[in-house]
Protein chains: 4
Amino acid sequence: MKTIKDSVHDHIEVEGVARALFDTPAVQRLRRIKQLGPAHLVYPSANHTRFEHSLGVYYLACEGLDHLGIQGKQAERVRAAAILHDIGHAPYSHTIEEVIHRHTGKYHDDVHELLADNEVGDVLRDHGHNPDTIADLIAGEGKLGQLVSGELDVDRMDYLVRDAHHTGVPYGTIDHSRLVRELTLIDGELVLAEGNVPTAESLLLARALMNPTVYNHHVTRICRGMLQRASERLLAETEISAERLRRMDDHDFFAALRSADATENFARRLGARDLYKRAVWAEMADVPEGVIDADHDAIREFEDEIAAAAEVEPESVIIDVLGRPSMTESSTRVIVNGEIRRLHQQSALVSALRHVQREQWRLGVYAPAEDTDAVGHAAESVLGLETDGALVSEVRSPGKRTTLDEFGTQSGD
Amino acid sequence: MKTIKDSVHDHIEVEGVARALFDTPAVQRLRRIKQLGPAHLVYPSANHTRFEHSLGVYYLACEGLDHLGIQGKQAERVRAAAILHDIGHAPYSHTIEEVIHRHTGKYHDDVHELLADNEVGDVLRDHGHNPDTIADLIAGEGKLGQLVSGELDVDRMDYLVRDAHHTGVPYGTIDHSRLVRELTLIDGELVLAEGNVPTAESLLLARALMNPTVYNHHVTRICRGMLQRASERLLAETEISAERLRRMDDHDFFAALRSADATENFARRLGARDLYKRAVWAEMADVPEGVIDADHDAIREFEDEIAAAAEVEPESVIIDVLGRPSMTESSTRVIVNGEIRRLHQQSALVSALRHVQREQWRLGVYAPAEDTDAVGHAAESVLGLETDGALVSEVRSPGKRTTLDEFGTQSGD
Amino acid sequence: MKTIKDSVHDHIEVEGVARALFDTPAVQRLRRIKQLGPAHLVYPSANHTRFEHSLGVYYLACEGLDHLGIQGKQAERVRAAAILHDIGHAPYSHTIEEVIHRHTGKYHDDVHELLADNEVGDVLRDHGHNPDTIADLIAGEGKLGQLVSGELDVDRMDYLVRDAHHTGVPYGTIDHSRLVRELTLIDGELVLAEGNVPTAESLLLARALMNPTVYNHHVTRICRGMLQRASERLLAETEISAERLRRMDDHDFFAALRSADATENFARRLGARDLYKRAVWAEMADVPEGVIDADHDAIREFEDEIAAAAEVEPESVIIDVLGRPSMTESSTRVIVNGEIRRLHQQSALVSALRHVQREQWRLGVYAPAEDTDAVGHAAESVLGLETDGALVSEVRSPGKRTTLDEFGTQSGD
Amino acid sequence: MKTIKDSVHDHIEVEGVARALFDTPAVQRLRRIKQLGPAHLVYPSANHTRFEHSLGVYYLACEGLDHLGIQGKQAERVRAAAILHDIGHAPYSHTIEEVIHRHTGKYHDDVHELLADNEVGDVLRDHGHNPDTIADLIAGEGKLGQLVSGELDVDRMDYLVRDAHHTGVPYGTIDHSRLVRELTLIDGELVLAEGNVPTAESLLLARALMNPTVYNHHVTRICRGMLQRASERLLAETEISAERLRRMDDHDFFAALRSADATENFARRLGARDLYKRAVWAEMADVPEGVIDADHDAIREFEDEIAAAAEVEPESVIIDVLGRPSMTESSTRVIVNGEIRRLHQQSALVSALRHVQREQWRLGVYAPAEDTDAVGHAAESVLGLETDGALVSEVRSPGKRTTLDEFGTQSGD
């Protein structure tokens, strides 16, 4: 048996197939994938990786399985899935996931082929497991797949607490050890025991507060937009394939951006934290439906059109549309008065949080600092934003104090 | 200058009038008033006191004043008010506050006469302050009174974080240092700067989760009910006056309960944690308006009637009605797009939290373990609870697992 | 099963005999015994109790037994001993232990008769345990007694971490979960596995730093001296017996001090934190052997003699002699290169720490602020202190800054 | 003014020249230099960077300067030095510092030329500072240089606490805020105020415990040895100059190792955590003086000789000799009884810690797992180790449990 010291869960014991899996190159690679992508450009301490997160998810899965009384091969499969649940991540985690998906049709949790034919597959087969079954669990299938990927999964319990520890933002500090203790399986469904409505709510609330503060902080979003644009150019202008990009780590990716002519400007900017700024930052009510729901190609056309109107390079305009709000946790099952109910049936907070997500939603258009005025005005007219100018220009006016948005950032944006 | 080490805010510097105030017997007495009254019977580590809390409130007031740019005598007054804001507390803090109020007409923040004629008054006058002005600030009056007692006061910032540290329940862990940094005074009103809607929301959410888990945990409520009944008997059956009771500390109070015939049974039970149990635990919808809004005398009559019907001693029935939900923080002022708005205008969470409070509301009727059945049935009929029996008896059925309610408690309730 | 939330070890599960023991009045009483006696007068947050500490010791004993592979009745006995190990404590823990011992011949870990004839004994016998066997374990006898009371016991692991959490002084923060993991039993002796010399050293170092900063902070020592003197007077001047004093809790004790004429002055002073000050604070080298090793009666005679010489009341002189340094942990067994060695054989730190303890040793003579000069000079001559006056008067000179000694204190001492 | 959120010191305010310095590419580059080099291969959470550490050092310098009462340009210079003190670090921090030094003659704190001619120099000159003066401060020169680099510098206060936070090993948790409060300048020397012998000792003790557990954990040392060898080959076999290597970040460095034929095997091994193992692990007493004090060339000859004797590739033998123990902190000045003394004069711990360092010292010889036997035996004879074979082979025998050394590691070494 091996003991690993984790900054969040302290000592974690690893043995058997788990230990062999952690030793595979595919899992070791996660040491070089930042958990929060470019969020360290906002919160300098946020350098934690998918590897330590995977370790934490494995730990919480062990705890959860213990409390559920699940043992043997069945438990071993879930633990394996916990360890492997993130091996499909591209460099910088979710940052360029959509770019990869457009080219390969695969999201990070679609890992059947990744498990099939390398050391990971060998380790699984050597220990009597079918890689496909593990890949199914990772995709959230089956009754125990919920524990790995579902509305009450140990994945989000770990990341909330870990992201809080590493950013210094306390909002993610949930009572994870109560959550794993209160899990029950009823008729094949993962359910929180009687009296845990507040426990379930706390998970949603933590996410609702971490979203604007960390995950969708506007500087994180700007970096994400720049990295997405850079990745697209890398795929378009070099011989690097999307499949190869998906398997890179943060080192390879950054080195590749630096060495290609088409992307070295983005690499330099990100490396020196010389970031694009907001030209537009518009609330949902002011954005036409057609823009909110536009697909990738339509967005690219808008960008080109705005660039033309503003007389700037096409690379100088990035439109960033967040998806429409959704909340997986709202269907969490909780026992109330002896009856299994969905959280949204029980808690007035759930629909309120949907509303809050809509309030927090913003359309961003980003450009180099010197172009924000031209791009902002062009974007207003091209995208048909309902604004009297005040709204859009608000974030551009230099004297304006926009505390939340700047908070935690390392330099002026 | 003096430096004091606090488990929450680390080093706190104290000098001048502040130091002299901390050295008065009236403030030193707060070392013997538990911050959360009997909550240590649920969370064994919750033994922190009003003294360390007052120290923390003083510290946050200093920080807030610094960020607001307020100095000199005006700042000194606010700091004095922060130190003194809780000297009006009776033993066990809020626990018997209503009992005291019925006899003296005073709540804990009504301290004009407490500041007038003892060492505290002397210290204040020696430093050129009018005790009445400080008492006004403690009551929340004036523009800086809001900082001490208002919807954005440093009082609640400290207690949330401190109660989390000492109970081990993480929900109170807010970003207090951001809150004090983002305060601004606009036209004499305390306002959170632009971009702090989530910061303001986090304060409400922390309270919404600490309420059912800590402050109104059903075992805390049972202990509170027993202590209130015991205090009433102490006042009725001994020569101790309400004014004297108000000035006691936890030591005096517990010793007094032990030495009076009328209360020694309560003292023994609380000392041995041999607590009353729930005979009724009913949701708001099932309780007649007349019971929800009944005054103290009406409640006492209900109790007597139930005791008679159940054929138990009058002391064996305690009815516990929480007040109707309210939420001070909902009127917090936040700047949104350059405009001062009230939080409830801006945040969908506020009305949802009101709803949640209603969901969490419970009527409790408590009795010795052996009497819960008799008392429960009598109470249903006397109070006219709309129930088919299932609801009320739920918490009494021994085999039933009621996780939240038991969680954190030290022994079976 | 019952789960209790602890601020240090988070969720602690309690069942069977353990749960029944926690519910006895003798263990519940520990909720009213402060872990660090009067140290909260130096560190305001240090209000934690022997109850939560006992819970923590129970938790670490469970962990240690698990790692040692010990189960069944044998393990149950050790867990019971862990829960009960402190029930022999008098009010304010170690503070008045010597006073009690002089009158009853009993230290706090001599609990045979306390376990024999009350609910604790009943619970133990009901679960098939002999109370005497448990009392032996508490006294550190037998191979598993070492886990409860020995050089590597879980008692000190818990208190170091807990005292750090509640005082805010970080020095006690050891890696307790590594310590319990690395325990092994070899030939009936508790031993730390190979490679744990630094782990063992860390335990000593933590104590070496907590001693001057917390446990023997000079203000803690002054309060202790005052409480000891007050207890002696209580026993001498009232009908309260030493046996009864031993069974009191902090509430009873404080109330008793307040109500007796002979002690109410001490009660008032301690309640208002109007403490004695140092009249003498002398290093070991400057104190005659005869004073260092004087017994209680000799010390009392010195005190009377000093009082007479200084022309003050006998109550106004308190001599405080710490015992000669000792270090239990130095005999900790650690495996080094496959061989069991004692820590002091292996670690150069051990003898250094003995030296450090001697360096930190101080003789204190305390008196009311206005008498320190007279008492200081009288004490120098009566005790024969080797001093040119400078040393002894150092702490009395008002302008002198004595940082460490004042640090953390609430008011000038 | 800008506020940055740090996971260790919470909110840190940055303005003026400090803000401009943080925005330079040279400082931004530190975001891509891991603070502990390869220690994340032992402690998976140890991914923190020189950037956040520099931020922390800046913060503690601000606090220290405040407490010392130093303001204006003089303080600004020290703050600038704090921000810039680590910009001379090569990839992976200290890991390849000796390699760089052999080729360039420069250690990481020799930054005169780095400050002279880039944006950093411009920023400094724009704000009226001479880059050379700042570089002198970074080298520890002048009375305030001690605060940045000296026996009591804020550098080590920050790294101990930060490394503890990110590894999860508690030993580094010192009372840094007390340390900066107790600093005084006397006759141009930085001194700890009266009563701080334990405070000074705690700094040494923290380092003494972090050394074997983290900084010189044997797996960290193996990785360091592999990275040093790889760097040497990179300089020898490619066109990359030592000056260019020094200015790379971790991304460039890892990419360079991967792309050169001479080093890609090391890159693959480190990436997959397929590390060399110990062939020899010998105590100081068993190693000839000539080996302990051998210079780089002599060591390279030993390595070649061992490889030849063991019939393995030259790349397969790495000799790792730690320097002879030293302890900067031992000359810390503390006021004792009104007199400035050096800590080693005052504290028995200091010489004990020197002894401990010697006890902890080990000579390591590392090789691929399959070659450890052959290399071990060859090394014993080539280096003339005084051993009966048991010592050296100890760590190679598979059944042997070597807890400390394995602790915290992710896979078997």
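Helices α12(D) and α20(D) are roughly parallel to each other, a label given to angles under 35 degrees, with over 145 counted as roughly antiparallel, 65 to 115 as roughly perpendicular and the rest as oblique. The model is predicted: local features need pLDDT of at least 70, side-chain atom pairs count only at pLDDT 80 or more, and totals for chains, interfaces and linings use all residues. Residues are numbered from 1 along each chain as its sequence is written, while chains are lettered from A and ligands numbered from 1 in the order in which they are written.

Stay with the helix pair. α12 of chain D covers residues 197-215, and α20 of chain D covers residues 348-360. They pack at an angle of about 5 degrees, with their axes 11 Å apart. Axes are lines fitted to C-alpha atoms, for helices over the stretch in contact, and angles run from 0 to 180 degrees between N-to-C directions. Helices (H or I, at least four residues) and strands (E, at least two) are DSSP runs, numbered from the N terminus. From α12(D), the contact uses D:E201, D:L204, D:A208, D:N211 and D:P212. From α20(D) come D:L349, D:V350, D:L353, D:V356 and D:Q360. Contact means C-beta atoms, placed from the backbone, within 7 Å. By class, this contact has 7 nonpolar, 2 polar and 1 charged residues. Ala, Val, Leu, Ile, Met, Phe, Trp, Tyr, Cys and Pro count as nonpolar, Asp, Glu, Lys and Arg as charged, and the others, Gly among them, as polar.

Chain D also holds an open sheet of 4 strands, ordered β3-β4-β7-β8 with mixed pairing. Two strands pair if DSSP finds at least two bridges between them. β3 (183-186) and β8 (339-342) of chain D stand at the edges with a single partner strand each, so one side of each has no neighbour in the sheet. From one strand to the next, the twist averages 45 degrees. Inside the order, β4 (residues 189-192) and β7 (residues 333-336) of chain D pair in the parallel sense over 2 bridges. There D:V191 stands opposite D:R333 of β7(D).

Now the chains together. A turn of 180 degrees and a shift of 0.0 Å along the axis lay chain A on chain D with an RMSD of 0.0 Å. That is the relation of a two-fold axis. The superposition is by least squares on the C-alpha atoms of residues with pLDDT of at least 70 in both copies. In chain A, the C-alpha of A:H251 is nearest the axis, 2.3 Å from it.

At this interface, 39 residues of chain A are in contact with 38 residues of chain D. β1 (2-6), α2 (25-28), α3 (50-68), α10 (154-167) and α15 (250-259) of chain A each supply at least two residues to the side that touches chain D. β1(A) gives the most, with 5 residues. That side of chain A divides into 12 nonpolar, 18 polar and 9 charged residues. The copies meet through the same surface, because 97% of the interface residues of chain A are also interface residues in chain D.

Chains C and B form another pair. Chain C lies on chain B with an RMSD of 0.0 Å after a turn of 180 degrees and a shift of 0.0 Å along the axis. C:H251 comes closest to that axis, at 2.3 Å (C-alpha). The contact takes 39 residues from each of chain C and chain B.

Terms used
Contact = placed C-beta atoms within 7 Å.
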